[in-house]
Amino acid sequence: MTAETPVIEVKNLVTEFATRRGPFRAVDNVSFKLMPGKTLCLVGESGSGKSVTARSILQIVDPPGRIMSGQILLNRHMTRRGRSETADTLDLAALNPRSSAIRAIRGRDIAMIFQEPMSSLSPVHTIGNQIGEAIRLHENVSKAEARARTIELLRKVEIPNADKTIDRYPFEYSGGMRQRAMIAMALACNPGVLIADEPTTALDVTTQAEILSLIKKLQDDEGMAVLFITHDMGVVAEIADEVAVMRFGKLVEHGDTISIFENPQHDYTKMLLGSVKQLDRPAPRRLARRAEHPPGNTLLDVEGLKKTFFIDSGSFFRKGDELHAVNNVTLTLRSGENLGIVGESGSGKSTLGRCIMRVYDISGGAIRYTDRDGMTSDLATLPDRSLMAARRDLRMVFQDPFASLNPRMTVAQLIGEPLLVNGVLSGKALNDRVAELLGLVGLPATAMERYPHAFSGGQRQRIGIARAIALEPRIIIADEATSALDVSLRSQVLDLLLELQERLDLSFIFISHDIAVIRYFCDRVAVMYKGRIVEEGPTEEVCSRPVHPYTQSLLSAVPHPDPRMRGTRVRTRYREQA
Amino acid sequence: MSSIASTTGNAADQASQWTLMWWAFRRHRLAVLGLMIVGLLYFIAAFVELLAPYDPDLSNARAVNHPPQALHFIKKEKDGGWSFQPYVIGMTQKRDPITLATTFTPDPTKTVDVQFFGKGEPTKLWGIFPVERRLIAPKVLGERFYLIGADRLGRDMLSRVLYGTRISMSIGLLGVLMSLVLDIFLGGLSGSYGGWIDATVQRIVEFKLAMPTIPIWLGLSAALPQDWPPTWRYFAITIILSLIGWTELARVVRGRFLALRTEDFVIAARLDGCSQMRVIFRHMLPSMVSHIIASVSLAIPMMIIAETSLSFLGLGLLPPTISWGVLLKEAQNVRTIAEAPWLFSPGVAVCLAVLALNFLGDGLRDAADPYAQEGR
């Protein structure tokens, strides 16, 4: 029994999905080892097979997926609870996915946490009941004992007032609290291995930082082996002992964190790290352009913008609550400038963007827009009908490249729609213009007759951009336009936007939760918190010398893609004064 | 694994929603069977004059409650040879001198030769085009055969059931189409404007749902004047049925509108400068059409059943109009069950139609949103 014995050893794992066009190999000959007390990060972009690999270990691959060959050896004697001298090795790949043998492993020896805590927790049972259930499934304890253990677990995952919050329902928890509860549930039976499948992807950066340090601390206490799946190189640098890079189902590179980050061998790893590092500084292209063409006159002047939502109380007799989604926001955008709006989920940044576009009727304030002829009008008070002209100059790029393109229209119809309804072009001229627009965003003209489902996320986002620039706008509001994309595509799309800015003389309002993207793309940044702008200024200044405590805590939580910086920064948590 | 979309040519890339829907539908075997049966039934409804061997009102005093005759294909000659000649074996009628009950016994010496695409009594297709050829007709004009028997006036049940198909299937379709107009208008109004319009429409729907269906049917149909010509009555019954049945679909339409209103692509269309009408008709409705078709195919059987029930009770269509319900009215008493069970054949037709439409509707509903399954 030496430290060299892994807890789990995956050997030549192959998992296939049966599709209409024959078997699709999602995991192709993957081998790795999980050591007790160590963290292995499985990194890859979407579709690389990293989640399927993790699910194969527990035999919970969604049908029609099936493990075709390979071994998954679980050394039960190496888990903390079962530690003994005698070897007790089990091949999980050989077990029937529905057998009681594999069920006894799940949760007890190997626990898993998922990306979306809300969908992994039952909404109709209290948190306490669900964790208690997990304990009682595997161990023969009384209800009272299980409850006591649950409270202890909740304390361990740093949930405040555990003896009270145990009786709450998942919807009463915040996103971060839910993920903590999921971790508590995963830890219920002291598993030897924790598989975390993108556990922080759905969370804000400040919450993410807390969850990561929690997992690290628990790992140190319990000596668990952790298999951490992520697409975020920053997170990898923060927590990994070892890194395995996956692409198209294959393991392309495998090694310890420092050597992967500082001396990557495989081209794909180099590209991945390159695009991450590229995003960590201002785009040289933007700086060069600004030196030549400094931002001009004020295009858009937002003053005291307010948007209040009324929340139905659900009762006929009680008045609903008010939610100030955007509260007294003042902003200016100059021509040729990129303004970033950064904030966490629920900060009102998307609502702000939609208010400026007048997707929503606004509750107060002014949006003064100066058009090409120097005429200034207040969009806030214009009726819907008179907004047509302004909406030709102000366009929007949406976050979700899947939901924002009508699946029932061809690409030509999608891009041509604004030109058609505004009576700009029709017939042959429209077709030519669409082909030209496709060329501008780097898509072939043959894309015209296809439907959106034929394109990948990055290509779809390009279609969305082509639609936005079709009317030769002056301002583009990009709402999380790169958030749904893989990191390698992110910089490509940002570069495309910068290129279009030069060609078409555009100004951007770029809404994002991702500081790195803002830093790359934006000249100025406004930090939003709970509907207000708490800090505004030139991007570099805000990023290097944040003034407001909220900005400071936000920046301190951003994981850096440099493993040597691990633990060098002090994380602060912003708590609003009551 | 949907992210692995290639830029190379692929049939699915240029497939419209209808193609994708068809691909999904095809995998549903029962639904495809349902589609074939429904298609056949509507074909019969459209071309019944060419299919039914006789005029449905042609009575024959010598064939009262005539039992069904099996169709034979190979005719054996007396000299031992044989030939392909469809025929039925004739029956002789005997009347019991005491009870006066009539019995039919097969008589192998009497045969009626049958011809496919032979000539029958002249009639008019859709009342316009004169036709003589029938899918199946006696070889000698004037001879009679009863493949599924005859009714109490000696009328051919097969012809009557086939003619009934026209009325019963069309009343379902017409009724649903009528309510569909109402549904899309009210549901669309409700879903796309919201606010007090939505509240008002929804209260009307709820009020309508709170009213008991059967008494209203009965009341409204009983109020129809008995001396109206059959066509008027047919349309009046259709309107009554659609007035009763519209609410379900209105809610489906409203729900879809509400869900679609906040979709990114609908907001994008608004920002593109589309008018409200264009947003609704160009961007929202196409996403709903498949759902609407699925709901419609599930609503038609309800209408068919409703018509059948009303007519069975004698409150719907009345003779001389022929519908399955009217035909079943003939089979209302115990004597029929004992003596002429073939009078229930319209019931078999109703079951077949309703089942087929339900299978079809289920399949359509599952295939209705080809994009919903992409994540799987």
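How many bridges join E13(A) to strand E18 of chain A, and in which sense do the two strands run? In this predicted model, strand E18 (residues 507–512) runs parallel to E13(A) and is joined to it by 5 bridges. Within this pairing, Ile341(A) has Ile511(A) as its bridge partner in E18(A). E13(A) also pairs with strand E19 (residues 524–529) of chain A, again in the parallel sense, over 4 bridges. Here Gly340(A) is placed opposite Val525(A) of E19(A).

The surroundings of strand E13 (residues 338–342) were examined next. Because 5 of the 5 residues of this strand are buried, E13 of chain A is largely enclosed by the rest of the structure. In a regular strand, side chains alternate between the two faces of the sheet. In E13(A) both faces are covered: one side carries Asn338(A), Gly340(A) and Val342(A), the other carries Leu339(A) and Ile341(A), and all of these residues are buried.

Chain A as a whole contains 21 helices and 20 strands. Its C-alpha atoms occupy a box of roughly 85 × 55 × 50 Å along the principal axes. The radius of gyration of chain A is 26 Å, which agrees with the value near 25 Å for a compact globule of 578 residues. Buried residues make up 47% of the 578 residues of chain A. Of the contacts in chain A with a separation of 6 or more, 68% are between residues 24 or more positions apart.

The largest nonpolar core comprises 242 residues, and those with the most contacts inside it are Ala184(A), Val193(A), Leu227(A) and Val527(A). The greatest contribution to this core comes from helix H10 (residues 276–312) of chain B, which gives 13 residues. When neighbours within four places in sequence are left aside, Leu227(A) is in contact with Leu34(A), Leu40(A), Leu42(A), Ala54(A), Val193(A) and Ile195(A). One of these partners, Val193(A), is itself among the core residues with the most contacts.

The contact between the two chains involves 31 residues from chain A and 27 residues from chain B. On the side of chain B that touches chain A, helix H9 (264–271) and H10 each supply at least two residues. H9(B) provides the largest share of that side, with 6 residues. By class, the same side of chain B has 13 nonpolar, 8 polar and 6 charged residues.

Notes
Residues are numbered from 1 along each chain as its sequence is written. Chains are lettered from A and ligands numbered from 1 in the order in which they are written. This is a predicted model: local features need pLDDT of at least 70, side-chain atom pairs count only at pLDDT 80 or more; totals for chains, interfaces and linings use all residues. A residue is buried if 20 or more other C-beta atoms lie within 10 Å of its own, exposed if 12 or fewer, and partly exposed in between; C-beta atoms are placed from the backbone. Two strands pair if DSSP finds at least two bridges between them. A nonpolar core is a set of buried Ala, Val, Leu, Ile, Met, Phe, Trp, Tyr and Cys residues joined through C-beta atoms within 7 Å. Two residues are in contact if their C-beta atoms, placed from the backbone, lie within 7 Å. The radius of gyration is taken over C-alpha atoms; the globule rule is 2.2 Å times the number of residues to the power 0.38. Ala, Val, Leu, Ile, Met, Phe, Trp, Tyr, Cys and Pro count as nonpolar, Asp, Glu, Lys and Arg as charged, and the others, Gly among them, as polar.
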